[in-house]
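Subject: Handing over the model

Hi there,

Here is the structure I promised to pass on to you. Have a look at it first, and then read on for my notes on what turned up.

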Amino acid sequence: MKITFLLWHPFFLLFLANAGDTIQALTYDYSATTECLKEAWKAQYGGGIIQNPEFDNGIERWTNFGHGNIKERITSNGNKYIVAINRTQPSDGPSQRVQLIKGKLYAFSAWIQISEGSEIIAVKFRSPTGKFLHGGTVIAEQGCWSMLKGGIVATFSGPVDLTFEVRKQKVKFQVRNKDNTSLAGATITLKQIKSSFPIGCEINEFILNNTKYRNWFASRFSVTAFGNEMKWYFTEKKAVGRENYTIPDAMLQFCEQNNIDVRGHNIFWDDPKYQPTWLTTKIASKKLKKLVEKRLKSVVSRYKGRLIHWDVMNENLHFSYFEDKLGKNASAEIFSRTYELDQKPILFMNDYNTIEVSEDEASMPAKYARKLKNIVSFYREMNGGNKIIPVGIGLESRFAPGQPNFAYMRAGMDYLASMGFPVWLTEVFVDKGENQAQYLEEVLREGYSHPAVKGIVIWPTSPFSKKCKMCLIDVDKHYMNTPTGDVIDKLIAELWSSKPLNISSNEQGFSEVVLLLGDYEVIVKYPATNSCTKLKLKVTEKSTNFVYVHVHGNVCVPNDND
């Protein structure tokens with residue numbers, strides 16, 4: 001599929017300066033929309049430092065980045081826009097060169113439309129030396145205009161090219177036989193076996209004894225976290241030293257058998273309400289320190305090498321049970337000790353209301369960043385100043401009923417993304433209320449479209465719960481989807497999975513296709529000799545876009561393409 005790219009009313013503005021600098025006083029324009037509109041709004045700030053933002057002078061000052069062409073077009077209402085046609089690479093399209101000043105903050109927006117379907121479009125600022133800065137993303141759609149709003153902090157000075165990129169990769173195949181002769185008419189079947197973007201859902205112990213639920217879950221998700229089953233109050237429930245890992249062990253085995261990654265949730269919880277019942281508030285600090293070390297050695301060592309993440313100290317912005325008992329560096333010390341025990345998982349802070357609401361000052365993005373910086377710097381200082389601990393930013397994303405504040409959500413993610421650590425939405429939940437399914441979809445789209453967000457875990461109400469605030473399936477209706485479950489299936493089909501594709505090689509043995517990022521099983525069949533070859537293909541933003549396939553004498557068997 002070749003996507004035609006349409007651009008309307010971009011602006012790019014130097015917005016904030018360092019203390020002592022003098023700039024023209026401007027009030028930040030907070031206007032934004034998640035709706036896809038028939039007609040776009042006017043360019044903010046008159047285009048800022050973008051020249052010819054309204055295309056009054058045709059495509060003057062605009063160039064084409066990469067392959068293809070750009071042309072001016074006019075809507076039925078007389079508004080002008082640019083079209084990028086004959087694109088062959090993800091970053092082909094309209095471009096303009098601007099100058100950056102290191103340390104300055106820039107705001108950006110544009111209106112985007114594409115010719116077919118819906119696609120993630122990212123704006124990137126590329127320097128001639130190969131450096132680039134992500135400026136924001138949006139899900140663009142056919143037939144209407146989507147607002148891409150973002151910005152950057154310039155980490156270098158100099159010229160950059162404003163470019164737009166589709167989150168897909170073009171792959172070209174050449175099919176040959178064992179004598180290196182090109183084969184025309186070979187069929188190439190591509191089946192995506194794993195999306196590059198992890199989309200997941202929380203599970204609990206009920207999944208172990210319910211085949212229908214297991215099948216529903218395993219057919220959709222590539223990552224999970226356990227609701228309670230890895231927590232301290234679950235694995236050492238009745239008395240100190242009486243550990244029982246039977247249930248989390250079985251759950252982890254189920255996930256591994258189904259190629260589902262697991263986020264460890266959690267080692268400790270800083271809320272005093274969620275400690276083992278035998279752990280009293282009057283416990284002496286020295287005794288608690290020994291119990292913490294025992295817990296770390298037990299759970300981290302038990303699952304060493306099998307988890308992709310650990311939520312190390314849960315909700316340590318809102319609560320401080322361990323800091324109150326063990327000192328202000330309790331979280332940092334536990335992060336460091338976890339890394340000593342297992343170097344594989346990324347170690348996450350995990351808290352709520354950082355991007356959901358602006359009123360909760362306990363977990364505001366600035367406090368989140370400061371806490372995480374302290375954890376990183378503590379480890380560095382304890383190890384001679386030259387070692388880095390792998391950390392991640394866990395944003396629970398638990399929204400109350402009603403319209404989410406997407407402008408605040410986006411701003412919070414932008415702020416934290418500037419730290420350079422991976423961001424995950426770890427417990428996505430939209431409480432029951434009017435338009436719940438719609439708001440859930442918008443939250444997921446907003447999260448997925450942000451370039452710093454590397455994965456999402458949904459945290460629904462258990463389908464076996466009596467109070468279903470956000471269930472995805474209804475067990476009393478033969479495991480049919482609820483409206484929120486329909487949203488998940490819709491987005492999986494649209495954004496996170498690819499249907500099997502069949503293409504054929506031309507006379508020179510070539511064939512090309514544009515693919516979503518992810519892992520693919522490839523079967524190449526040459527009908528003339530009934531020969532087949534199978535291979536695995538990993539498509540990433542940095543992977544090669546040319547694949548040589550040699551078809552040998554392997555005979556095709558029935559259902560090879562299934």
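Leaving aside its neighbours within four places in sequence, which residues is T224 in contact with? Before I get to that, please keep in mind that this is a predicted model. With neighbours within four places in sequence left out, the contacts of T224 are C201, E202, I203, F217, C255, I260, D261, V262 and R263. T224 itself sits in strand 14, which covers residues 223-225. Its relative accessibility is 0%, so T224 counts as buried.

One of those contacts, D261, leads straight to the salt bridges. The structure holds 22 of them, and I picked out a few for you.

D261 pairs with K194, and the closest N and O atoms of the two are 3.2 Å apart. This salt bridge links distant parts of the chain, as K194 belongs to strand 12 (residues 187-195) and D261 to strand 15 (residues 261-269), 67 residues apart. Are the two partners buried or partly exposed? K194 is buried, because its relative accessible area is 19% and the cut-off for buried is under 20%. D261 has 28% relative accessibility and therefore counts as partly exposed.

E512 and K172 form another salt bridge, with 3.9 Å between the closest N and O atoms. That value is within the 4 Å allowed for a salt bridge. Here, too, distant parts of the chain are linked: E512 is in strand 25 (residues 510-515) and K172 in strand 11 (residues 169-177), 340 residues apart. E512 is partly exposed, with a relative accessible area of 37%, and K172 is partly exposed as well, at 30%.

The third pair is R398 and E427, whose side chains meet in a salt bridge at 3.2 Å, N to O. R398 lies in strand 19 (residues 398-399) and E427 in strand 20 (residues 423-430), so this pair also links distant parts of the chain, 29 residues apart. R398 has a relative accessible area of 29%, which means that R398 is partly exposed. E427, at 6% relative accessibility, counts as buried. Beyond single pairs, E293, K297, R337 and E340 are joined into one network by salt bridges that share partners.

R398 comes up again with E315. Which side chain of opposite charge is nearest to E315, and how many Å away? The nearest is R398, 6.7 Å away, and E315 has no salt bridge although E315 is buried. A salt bridge needs the nitrogen and oxygen within 4 Å, so a residue without such a partner has none. As for its setting, E315 is placed in the loop between strand 16 (309-314) and helix 5 (321-326). Leaving aside neighbours within four places in sequence, E315 touches W269, D270, N350, D351, Y352 and E396.

Now to the helices. Two packed helices are described by the angle between their axes and the distance between the axes. Helix 4 (residues 285-302) and helix 6 (residues 330-341) pack at an angle of about 40°, and their axes are 10 Å apart. Helix 4 and helix 6 are therefore oblique to each other, and their crossing is right-handed. On the helix 4 side the contact is made by V292, E293, L296, K297, V300 and S301, and on the helix 6 side by I334, R337, T338 and L341. Among these are E293, K297 and R337, members of the salt-bridge network with E340.

Helix 6 also packs with helix 7 (residues 365-382): the axes come within 9 Å and cross at roughly 55°. That makes helix 6 oblique to helix 7, and the crossing is right-handed. The contact is made by S331, A332, E333, F335, S336 and Y339 of helix 6 and by K371, N374, I375, F378 and Y379 of helix 7.

One last residue is T155, in the loop between strand 9 (146-153) and strand 10 (158-166). T155 is partly exposed, with a relative accessible area of 49%. Leaving aside neighbours within four places in sequence, T155 is in contact with K102 and L133. The C-alpha atoms of T155 and M413 are separated by 18 Å, and the two residues are 258 apart along the chain.

Happy browsing, and best wishes!

Notes. Residues are numbered from 1 along each chain as its sequence is written. This is a predicted model: local features need pLDDT of at least 70, side-chain atom pairs count only at pLDDT 80 or more; totals for chains, interfaces and linings use all residues. Side-chain values use heavy atoms; hydrogens and water are left out. Helices (H or I, at least four residues) and strands (E, at least two) are DSSP runs, numbered from the N terminus. Buried means under 20% relative accessible area, exposed over 50%, partly exposed in between (1.4 Å probe, protein chains only). Lys and Arg count as positive and Asp and Glu as negative; His and the chain ends are not counted. Contact means heavy atoms within 4.5 Å. Axes are lines fitted to C-alpha atoms, for helices over the stretch in contact, and angles run from 0 to 180 degrees between N-to-C directions. Angles under 35 degrees count as roughly parallel, over 145 as roughly antiparallel, 65 to 115 as roughly perpendicular and the rest as oblique. A crossing is left-handed if the near helix is turned anticlockwise from the far one by less than a right angle, and right-handed if clockwise.
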